[in-house]
Amino acid sequence: MRAAIAQSEKVKGSTYPNPPVGAVILDAGGQIAGVGATQPVGGAHAEIVALRRAGTLAKGGVAVVTLEPCNHHGRTPPCVSALLDAGIASVVYAVADPNPEAAGGAEALRAAGVQVGAGVLADEVAGGPLREWLHRQRTGRPHVTWKFAASVDGRSAAADGTSKWITSPASRADVHRRRVAAEAVIVGTGTVFADDPTLTARPADGTEVARQPLRVVVGRREIPSDARVLNEDASTMVIRTHDPAEVIRALGDRTDVILEGGPTLAGAFLRAGLIDRILGYLAPMLIGGPITVLDSVGVNTIAEAPRWRFDLTERVGPDLLVSLVPE
């Protein structure tokens, strides 16, 4: 299953609107015969790619998939039919498909005499490559991750406004890796005026990114025509509003959105209850001063503070990355 997860991570961001699924085919002796991941929309699903690579070795073997095989004919035929045609004896998957149109694969496989196991590493899959897609299936709206970089005392810049660079090259490379997988990156007009960012994904190894996320600028101020966020490196959407709900409606057909705006925009999204995950890159420095990562979120006393829980903490170079989700 971890090999299947690794396959799904490779294609995250390229499969929209389909989920990034990974699959591994084991032959009858338990050896890996083929691996695959979901192709861009209109292309083959993960199981089909893995079955093609396994060929006749799939007969009597095991299919290991991160998501329950689909049982409907959409842009492509049902994966259940392909698994049966290949003579697969057993299917193991991590997460059940919540889409009622595609669900029912496990039941159809069992009815055809295939052994089926469910729930293997389900938490790793649901909190990893399928996190955003599953959120959209549950809520009908994009999954929003607020990303910020700060000193350990929560400052995003020094008193004179300088902020380059608080975090390390390793942290910045990790941010660009996440942008590659995202469908949109949001900032406010204040960030455009202060930093003039390009908001493109630029891998540290210099490789070219085939698909850039949509750049979204939120606010009522006109931004300069020569702002780098308006260059031809990627598409840009300017939304003249201060209402986070309006922004989400404008991005309603997307799945994975990163909020990289400043303290005012982040506070507005938090007050609206529209942040689903927080990623904080914390540098081992103390800055102090008035420039914090977050403006008021309407908390007047500790009892009013919304509670979050850590679902990940890890070192990124000299920095600490913390991930939080609502309790």
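This passage describes the domains, two helices, the annotated site and the salt bridges of a predicted model.

The chain falls into two parts, domain 1 covering residues 1-130 and domain 2 covering residues 141-326. The C-alpha centres of domain 1 and domain 2 are 34 Å apart. It is convenient to begin at the N terminus and to look at how helix H1 is placed.

Helix H1 runs over residues 2-11, and Ala4, Ile5, Gln7, Ser8 and Val11 are its buried residues. Viewed down the axis of H1, these buried residues fall within an arc of 160°, so they line one face of the helix. The pattern recalls a familiar rule: an α-helix has 3.6 residues a turn, so residues three or four places apart point the same way. Arg2 and Lys10, on the other side of H1, are exposed. The buried residues of H1 pack against three strands, namely E1 (22-26), E2 (32-37) and E3 (62-67), and against helix H5 (122-126). Just after H1 comes glycine 13, which adopts a positive phi of about 100°.

Attention now turns to the annotated positions. UniProt, in an unreviewed entry, lists Glu47 under "active site". The same kind of annotation, "binding site" in an unreviewed entry, is given by UniProt for His45, Cys70 and Cys79. Although these binding-site residues span 35 residues in sequence, no two of their C-alpha atoms are more than 9.2 Å apart, so they gather at one spot.

Glutamate 47 belongs to helix H2 (residues 46-54). Its relative accessibility is 4%, so glutamate 47 counts as buried. Beyond residues up to four places away in sequence, glutamate 47 touches Ala23, Val65, Leu67, Pro69, Cys70, Cys79 and Leu83. Two of the binding-site positions, Cys70 and Cys79, are thus among the contacts of glutamate 47.

Cysteine 70 is found in the loop between E3 and helix H3 (79-85), while cysteine 79 is in helix H3 itself. Cysteine 70 has a relative accessibility of 6% and therefore counts as buried. Cysteine 79 is buried as well, with a relative accessible area of 1%. With residues up to four places away in sequence set aside, cysteine 70 touches His45, Glu47, Pro78, Cys79, Val80 and Ala102. For cysteine 79, leaving aside neighbours within four places in sequence, the contacts are His45, Glu47, Ile48, Pro69 and Cys70. Both contact lists include His45 and Glu47.

Ionic pairs offer another view of how the chain is held in this model. In the whole structure, 11 salt bridges are found. One of them joins glutamate 132 to lysine 12, with the closest N and O atoms 2.9 Å apart. This pair links distant parts of the chain, as glutamate 132 is in helix H6 (residues 131-139) and lysine 12 in the loop between H1 and E1, 120 residues apart. Glutamate 132 and lysine 12 are both buried.

A further salt bridge pairs aspartate 311 with arginine 131, again with 2.9 Å between the closest N and O atoms. Here aspartate 311 is in strand E12 and arginine 131 in helix H6, 180 residues apart. The partners of this pair differ in exposure: aspartate 311, at 30% relative accessibility, counts as partly exposed, whereas arginine 131, at 11%, counts as buried.

Lysine 147 forms a salt bridge with glutamate 260, and the closest N and O atoms are 3.8 Å apart. Lysine 147 lies in strand E6 and glutamate 260 in the loop between E10 and helix H10 (263-271), so the pair ties together parts that are 113 residues apart in sequence. Lysine 147 and glutamate 260 are both buried. Through shared partners, salt bridges join Lys147, Arg179 and Glu260 into one network.

Arg179 leads on to helix H7, where it is one of the buried residues, together with Ser171, Asp174, Val175, His176, Arg178 and Ala181. The cover over the buried residues of H7 includes strands E6 (143-151), E7 (184-188), E10 (256-259), E11 (277-283), E12 (308-316) and E13 (319-326). Helix H7 has 13 residues (169-181) and, at 1.5 Å a residue, should span 18 Å; its end C-alpha atoms are 19 Å apart, which agrees.

Notes. Residues are numbered from 1 along each chain as its sequence is written. This is a predicted model: local features need pLDDT of at least 70, side-chain atom pairs count only at pLDDT 80 or more; totals for chains, interfaces and linings use all residues. Side-chain values use heavy atoms; hydrogens and water are left out. Helices (H or I, at least four residues) and strands (E, at least two) are DSSP runs, numbered from the N terminus. The expected span of a helix is 1.5 Å times one less than its number of residues. Buried means under 20% relative accessible area, exposed over 50%, partly exposed in between (1.4 Å probe, protein chains only). Contact means heavy atoms within 4.5 Å. UniProt positions are given in the numbering used here, feature names are shortened, and annotations may be inferred rather than shown by experiment. The arc is that of the directions from the helix axis to the C-beta atoms. Domain bounds come from an automatic or database domain assignment. A salt bridge is a side-chain nitrogen of Lys or Arg within 4 Å of a carboxyl oxygen of Asp or Glu.
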